[in-house]
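Student: I am new to this structure. Please take me closely through one part, the last helix and what surrounds it.

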Amino acid sequence: MLILPDDFQPAMLLPAGIEQPAWWFIFVHGQLLVRATGAGMELPLASIWPFANWPPVRRLYLGTLQGQPCHAAEVMNAGPPPGWRFENLRGLWTRMDEAMLGVAGHALQLIEWDRTHQYCGHCGTPTERRAEERARVCPACQHAAYPQLSPVVMVRVVDKGRILLARAPRFAPGVYSVLAGFVEAGETLEQTIHREVAEEVGIQVYNLRYFASQSWPFPHSLMIAFTADYAGGELQIDGREILEARWFVPNEMPGLPSPMSMAWRLIQDYLAHHA
Ligand SMILES: [Zn+2]
């Protein structure tokens, strides 16, 4: 799971007088600067910006992880320093410390938000960072922009020991997952589930139960997972958001999504109870 660890303390400003080295979460196009060591992947660790000839385009103080200060930064697309490389966060799963990867997901979302809110969405004036909270504010009209989150509901539909899984066009070949969709303005999570399931596969569900939630920083989603039971209707795919949908039994499962995803957890939970 890609989650912010409990021993991470968010903060806006580096407290004065702190001289201990900090972790630097440095990104280009959503990829994180890392270096492979015998123990896994490490980040730059330095009390000041670690690459003198390679200035950041933007930087944000994040807070502390296990008492260690953490900064996020974005650099121009240049070759990384010798020994370092940029990697996708998804690809770092299991190779990088999980707490560190959780903070990296947080850092990536804040960097993306900062970069895409440089101008006021209302009047176009360049925005300024507010010191006391995570916001960018327009000095002309006071419009404030906060880091955004898009809620996505995900639902595991089960019928008599079978689980409904579907293929979306963006999935790798052979991979099936649970159904998911963005929450529309004005909807409850339950309404989103009923609408998405009906639109994507043409069936009805009932007995919705909350399962868990997870931040998903690609780019700024909050996944909210539910379980449900099949109520009726014939499987009928829309052919656009969903290419194929089928019922699966535990010993005939297809390829599954990444173990760092909420979908994987939902499916594993089903398998644990139906093996
Ligand atoms: Zn404005």
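Tutor: Here is a walk from the whole chain to that helix and its surroundings.

This is a predicted model, in which local features need pLDDT of at least 70, side-chain atom pairs count only at pLDDT 80 or more, and totals for chains, interfaces and linings use all residues. Residues are numbered from 1 along each chain as its sequence is written.

Start with the setting. The chain has four helices and 17 strands. Helices (H or I, at least four residues) and strands (E, at least two) are DSSP runs, numbered from the N terminus. Along its principal axes, the C-alpha trace spans about 60 × 50 × 30 Å. Domain 1 covers 8–116 and domain 2 covers 150–274; such bounds come from an automatic or database domain assignment. Their centres, taken over C-alpha atoms, are 33 Å apart. Six residues of domain 1 and seven residues of domain 2 make the contact. Two residues are in contact if their C-beta atoms, placed from the backbone, lie within 7 Å.

Now the helix. Helix α4 spans residues 262–274, 13 residues in total. From its first C-alpha to its last it reaches 19 Å, close to the 18 Å expected at 1.5 Å a residue. That expected span is 1.5 Å times one less than the number of residues.

Which residues of α4 are buried? They are Met-262, Ala-263, Arg-265, Leu-266, Ile-267 and Tyr-270. A residue is buried if 20 or more other C-beta atoms lie within 10 Å of its own, exposed if 12 or fewer, and partly exposed in between, with C-beta atoms placed from the backbone. Across the chain, buried residues make up 31% of the 275 residues.

What covers them? The cover includes strands β12 (150–159), β13 (162–167), β15 (204–216) and β16 (221–232).

Look at how some of these strands pair. Two strands pair if DSSP finds at least two bridges between them. Strands β12 and β16 run parallel, joined by nine bridges. Here Val-153 stands opposite Ile-224 in β16. Strands β15 and β16 run antiparallel, joined by 10 bridges. They form a hairpin with four residues between them. Ser-213 also has Ile-224 in β16 as its bridge partner. Strands of a sheet pair through backbone hydrogen bonds, either parallel or antiparallel.

Next, follow Val-155. Leaving aside neighbours within four places in sequence, Val-155 is in contact with Val-178, Leu-179, Ile-193, Val-197, Val-205, Phe-226 and Ala-228. Val-155 also ranks among the residues with the most contacts inside the largest nonpolar core, along with Phe-25, Ala-104, Ala-107, Met-154 and Val-178. That core has 60 residues. A nonpolar core is a set of buried Ala, Val, Leu, Ile, Met, Phe, Trp, Tyr and Cys residues joined through C-beta atoms within 7 Å. Its largest share, nine residues, comes from α2. Both domain 1 and domain 2 give residues to this core, so it lies between them. In soluble globular proteins, nonpolar side chains tend to be buried together.

For contrast, find Met-76. Met-76 sits in the loop between β7 (68–74) and β8 (85–88). Met-76 is exposed because it has 9 other C-beta atoms within 10 Å.
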